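Open your viewer and switch to a view that lets you look inside the protein. This tour goes through its enclosed spaces, one selection at a time.

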Amino acid sequence: MNNKVLIVDDEPDIRELLEITLSRMDLDTATASDLGEARALLASDDFHLCLTDMKLPDGNGIELVREIQARYPHIPVAVITAHGSTETAITALKSGAFDFVSKPVDIYKLREMVNTALKLEHVIPDKQVTQTDSPLRLVGESQQINTLKKQIAKLARSQAPVFISGESGSGKELVARSIHAQGPRREKEFVAINCGAIPSELMESEFFGHRKGSFTGAHADKSGLFQAAHGGSLFLDEIADLPLLMQVKLLRAIQEKSVRPIGSETEVPVDVRLLSATHKNLGEEVAKGNLRQDLYYRINVIELDVPSLRERRQDIPLLAEHYLELIARENGIPKAGISDEAMAKLQHYAYPGNVRELENILQRALALAEDNIIQVQDLPALSISNRFAENASEHGMPAEPALEEDFSLEKHLEQIEKAAIEKALEETRWNKTAAAKKLGMTFRSFRYRLKKLGVD
């Protein structure tokens with residue numbers, strides 16, 4: 001039995017064009033000219049996809065999107081919008097539309113969208129993805145993490161741009177990868193870009209590619225990251241760090257679903273699911289003039305908040321067990337464990353670096369542990385931080401050290417400096433030039449501090 005598509009449009013020419021295109025894709029079709037006819041067909045037949053125009057004689061496509069979401073949630077709905085009507089497209093996506101196509105309908109883009117939508121039937125259920133030993137596994141049983149898993153499963157069935165917010169180290173990229181892995185694009189590439197780690201002069205070439213001879217050093221044609229993610233998902237991490245000029249070009253690529261490599265006279269169609277993230281407040285960045293408002297509306301169609309580790313402390317034992325298993329496997333250790341006293345200490349720490357910090361603490365502690373069992377004495381990095389980080393994080397204030405008898409100001413300042421450097425390196429994927437810039441230091445000064453503090 002062929003997949004069947006419902007076409008809802010009051011223009012006979014558009015209905016005929018869509019029917020011919022879909023029949024050539026070996027799909028069965030049924031057509032309706034208004035909402036009334038569409039409702040009758042939905043009640044009497046089973047469809048795998050619905051294409052609807054926005055303006056209909058007895059209502060609009062948004063009404064149909066919402067009705068199908070409520071009564072037939074297994075049917076993805078794509079809306080047909082007027083050219084350039086960005087606000088309409090965003091409203092449709094927020095209402096639950098799978099995707100949209102603009103008039104005049106680009107047959108190539110329509111085919112890509114239909115093929116992606118029809119793969120939804122074969123997506124692996126959420127519980128299968130999260131029960132495996134995959135690195136995409138979201139570990140935890142807290143209410144916060146279970147809510148997040150449900151949100152991910154729902155968003156995986158849409159092509160709407162998702163903005164993932166959360167503190168550094170909370171797992172924003174893991175969430176993005178999980179959305180990709182549970183969606184219809186999972187067989188294609190997931191491409192992650194740290195926008196703050198690419199030098200501004202290379203950014204356009206990295207994003208969109210270039211043609212041979214287009215600038216000094218361009219010795220051959222090169223595809224950009226958009227082309228690499230074609231058919232899959234593109235994750236723009238730290239998107240608030242993009243220069244304003246690049247924001248304009250990114251916005252056009254998102255709206256037109258095509259890119260123009262440097263030195264090329266023609267545009268290349270690209271079909272990507274856009275996911276983005278930053279630890280910054282996007283609204284504040286718009287107010288400061290650091291982020292274009294039109295780009296903000298384009299990337300923030302749906303916002304997904306990742307809870308900090310402080311908000312889900314009950315997941316710390318499960319996370320610790322998960323990471324110890326991974327670390328033991330990577331290092332060829334039969335088994336790694338942790339004492340009850342050490343676990344209690346981990347559960348009372350504030351984790352300003354979130355899950356990423358927990359993993360780093362366990363890696364360092366296991367390297368010091370006797371018989372591969374972490375004890376309290378193997379967690380010295382928590383001794384100072386644990387005195388004041390909890391109180392500071394709860395009140396949103398700078399952490400203040402407890403001035404005990406063995407307190408050393410020099411060691412305390414070194415620890416703060418080392419933590420800031422390590423955080424900057426992690427956020428820039430260990431790009432030293434970008435990390436130095438993030439900290440407002442010269443590269444030479446940054447390199448000197450790395451050596452002085454023994455940061456490898």
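By class, six nonpolar and five charged residues line the second largest cavity, with no polar ones among them. Keep in mind as you look around that this is a predicted model.

To see this lining, select Asp 99, Phe 100, Val 101, Tyr 108, Lys 109, Glu 112, Met 113, Lys 257, Pro 269, Val 270 and Asp 271. Strand E7 and helix H5 (107-118) are the elements that each give two or more residues here. Which element gives the most to this lining? Colour H5 to find out: it contributes four residues. The space they surround has a volume of about 90 Å³.

Next, move to the largest cavity, with a volume of about 240 Å³. Start from its centre by selecting Gln 159, Ile 254, Lys 257, Val 272 and Leu 274, which lie nearest to that point among the 16 lining residues. Then show three elements as cartoons: strand E7 (99-102), helix H11 (244-256) and strand E15 (273-278), the ones giving two or more residues to the lining of this cavity. What classes of residue make up the lining of the largest cavity? Colour by class and you will find nine nonpolar, six charged and one polar.

Now go back to Lys 257, a good stop for linking the two views: it lies among the residues nearest the centre of the largest cavity, and it also lines the second largest. Strand E7 likewise gives two or more residues to the lining of the largest cavity and to that of the second largest.

To finish, zoom out: a search of the whole structure finds four cavities of 30 Å³ or more.

Conventions: Residues are numbered from 1 along each chain as its sequence is written. This is a predicted model: local features need pLDDT of at least 70, side-chain atom pairs count only at pLDDT 80 or more; totals for chains, interfaces and linings use all residues. Side-chain values use heavy atoms; hydrogens and water are left out. On a 1 Å grid over the protein atoms alone, a cavity is a set of points where a 1.4 Å probe fits but cannot get out, and a pocket is an open set with protein on both sides within 12 Å along at least five of seven lines; lining residues have an atom within 4 Å of a point. Grid points are joined across faces, edges and corners, and a volume is the space filled by probe spheres set on the points. Ala, Val, Leu, Ile, Met, Phe, Trp, Tyr, Cys and Pro count as nonpolar, Asp, Glu, Lys and Arg as charged, and the others, Gly among them, as polar.
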